[in-house]
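Visitor: I should be grateful for a close look at a single part of this structure, the metal site, together with the elements that follow or adjoin it in the chain. Please treat the residues in turn and connect them where possible.

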Amino acid sequence: MTASLRDDDLLIERVETVIIDVPLRRPHRFARVTMNAQPVLLVYVHTRGGVTGVGEGVVPGGPWWGGESVESMKVTIDTYLAPLIAGRRVDAIEALMCDMGDVVAVNLFAKTAVEVALHDAWARALDVPLHTLLGGLTRTSIDVTWALGAEPVEIVVEEIQRFLAAGSHRSFKLKMGAVDPADDVDRIAAIADKVGEAASLRVDLNARWDLLTSRRLLPRLAHAGIDLIEQPVPGEQIEALAELNALLPIPIMADESLRTPHDALRLVELRAADVWSMKVTKVGGLRRARDIVAIGAAAGVPVHGGTSLETGVGTAASLHLACAAPGVTWGSELFGPLLFAEEVLTTPLEYVDGALQLPDGPGLGVVPDPDAVRALRRTGLTRD
Ligand code: MUC
Ligand code: MG
């Protein structure tokens, strides 16, 4: 804790937003979109005392997932949120989030980027790690599931076996929804057959199937040895999710169905999912994420550290949450930084045997590399 904390260290001077496009090591194929680069919005909160906090606004490859994009986040922050919080204290986070909610509805991805930057600035002003502001640590590392795109059998199996041979990741999330449902199930069953017991396999349908298709085909995935099924039906269809959760012998994980504490209560009420995917990016920040994890813990629902394919900035924020909130007991998929061909941080995050290690130091414990940001920076609002 710094003895010389001055008010100016906490007063917001200005908010700066920068879009970067970070190339991937390989294409990442979702049901309807394939990404070769990840657009990322970096949000810098600068205080009068010269303290700077950073947050990340990102969606999985575009607005298909939750309706927001880095472009919409930048406009929303530059036009509505930054003017509102200028001159305010970074440690008044709950009041700032309420006021931001009054002038901008929803836009949770944009609000997360600002909220994380406020936490980083506040922790840096106090010279403490960010997790201190969330109540301290319950762990210092978390296992990381690697995610694979909706690609043909041989491509997926080759990538999984490469990781198994390296002795790093041992659980894999397979994206689905890009082909005819029955063919997709055959594809997954063939992958599970080739990989065998060597790894734990989960699938993510990104809300692409309807209830009838799910009832008919999901049992075949359970039979093929799949350990968990993520979001088979559209997010708002919580009753359908509940029916499938009761039907299947393996856990259903809610993702698109879980954006707010109210969603969490509905999921509990209907026992609609055995596991919840917590993307800090989708819920409006670290505090809302912690609230939702606590609701899950109260209901006996374990939480998984989800990702929107963040760089090291957003991944560090999700890691602080996962290490502070006791209810994050179902591992994570915080593999984003390993999928990027360029490193955005001055010091990369550390992965040991497939587990992500919490960095030391004040705030997030990570800092964007100005040279890397300059090199990846977009000149205009839209892609160059
Ligand atoms: C999602 O829906 O889970 C996370 C990993 C990945 O491949 O997709 C994202 C989004
Ligand atoms: Mg998902």
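Guide: What follows describes the metal site, then a helix pair, and then some individual loop residues. The model is predicted, and the description should be read on that basis.

The magnesium ion (ligand 2) has three residues as its protein donors: D204 through OD, E230 through OE and D255 through OD, at 2.0 to 2.2 Å from the ion. Along the sequence, these donor residues follow the spacing D-x25-E-x24-D. D204 belongs to strand β7 (residues 200-204) and E230 to strand β8 (residues 228-230), so this pair ties together parts that are 26 residues apart in sequence. D255, in turn, is found in the loop between β9 (252-254) and α8 (261-269).

As to solvent exposure, D204 has a relative accessibility of 0% and therefore counts as buried, the cut-off being under 20%. E230 is likewise buried, with a relative accessible area of 1%. D255 is buried too, at 0%. Leaving aside neighbours within four places in sequence, D255 is in contact with the other two donors, D204 and E230. The remaining contacts of D255 under that condition are W65, Q231, S277, K279 and K282.

From the donor strand β8, one may turn to the loop between β8 and α7, where E236 lies. In contrast to the buried donor E230, E236 counts as exposed because its relative accessibility is 62%, the cut-off being over 50%. E236 and E256 are 20 residues apart in sequence, and their C-alpha atoms are 8.1 Å apart in space.

Next comes helix α7 itself. Helix α7 (residues 238-247) packs with helix α6 (residues 211-223) at an angle of about 15 degrees, and the two axes are 11 Å apart. That angle makes α6 roughly parallel to α7, a term that applies to angles under 35 degrees. The crossing in which α6 passes α7 is right-handed. On the α6 side, the residues that meet α7 are L211, S214, R215, L218 and P219. On the α7 side, their counterparts are A240, E243, L244 and L247. By class, this contact comprises six nonpolar residues, one polar residue and two charged residues.

Two loop residues elsewhere deserve attention for their backbone. Most residues other than glycine have a negative phi. V106, however, has a positive phi near 50 degrees, and N107 has a positive phi of about 45 degrees although it is not a glycine. V106 lies in the loop between α2 (93-103) and α3, and N107 is placed in the loop between α2 and α3 as well. V106 is exposed, with a relative accessible area of 60%, whereas N107 counts as partly exposed at 22%.

Finally, the loop between α3 (108-126) and β4 (141-143) contains L137. L137 counts as partly exposed, with a relative accessibility of 37%. Not counting residues up to four places away in sequence, L137 touches H131, C323, A324 and L358. L137 and P326 are 189 residues apart in sequence, while their C-alpha atoms are 8.4 Å apart in space.

Note on methods
Residues are numbered from 1 along each chain as its sequence is written. Chains are lettered from A and ligands numbered from 1 in the order in which they are written. This is a predicted model: local features need pLDDT of at least 70, side-chain atom pairs count only at pLDDT 80 or more; totals for chains, interfaces and linings use all residues. Side-chain values use heavy atoms; hydrogens and water are left out. Axes are lines fitted to C-alpha atoms, for helices over the stretch in contact, and angles run from 0 to 180 degrees between N-to-C directions. Helices (H or I, at least four residues) and strands (E, at least two) are DSSP runs, numbered from the N terminus. Angles under 35 degrees count as roughly parallel, over 145 as roughly antiparallel, 65 to 115 as roughly perpendicular and the rest as oblique. A crossing is left-handed if the near helix is turned anticlockwise from the far one by less than a right angle, and right-handed if clockwise. Contact means heavy atoms within 4.5 Å. Ala, Val, Leu, Ile, Met, Phe, Trp, Tyr, Cys and Pro count as nonpolar, Asp, Glu, Lys and Arg as charged, and the others, Gly among them, as polar. Donors are N, O and S atoms within 2.8 Å of the metal (3.2 Å for Na, K and Ca); water is not among the atoms, so sites may look incomplete. Buried means under 20% relative accessible area, exposed over 50%, partly exposed in between (1.4 Å probe, protein chains only).
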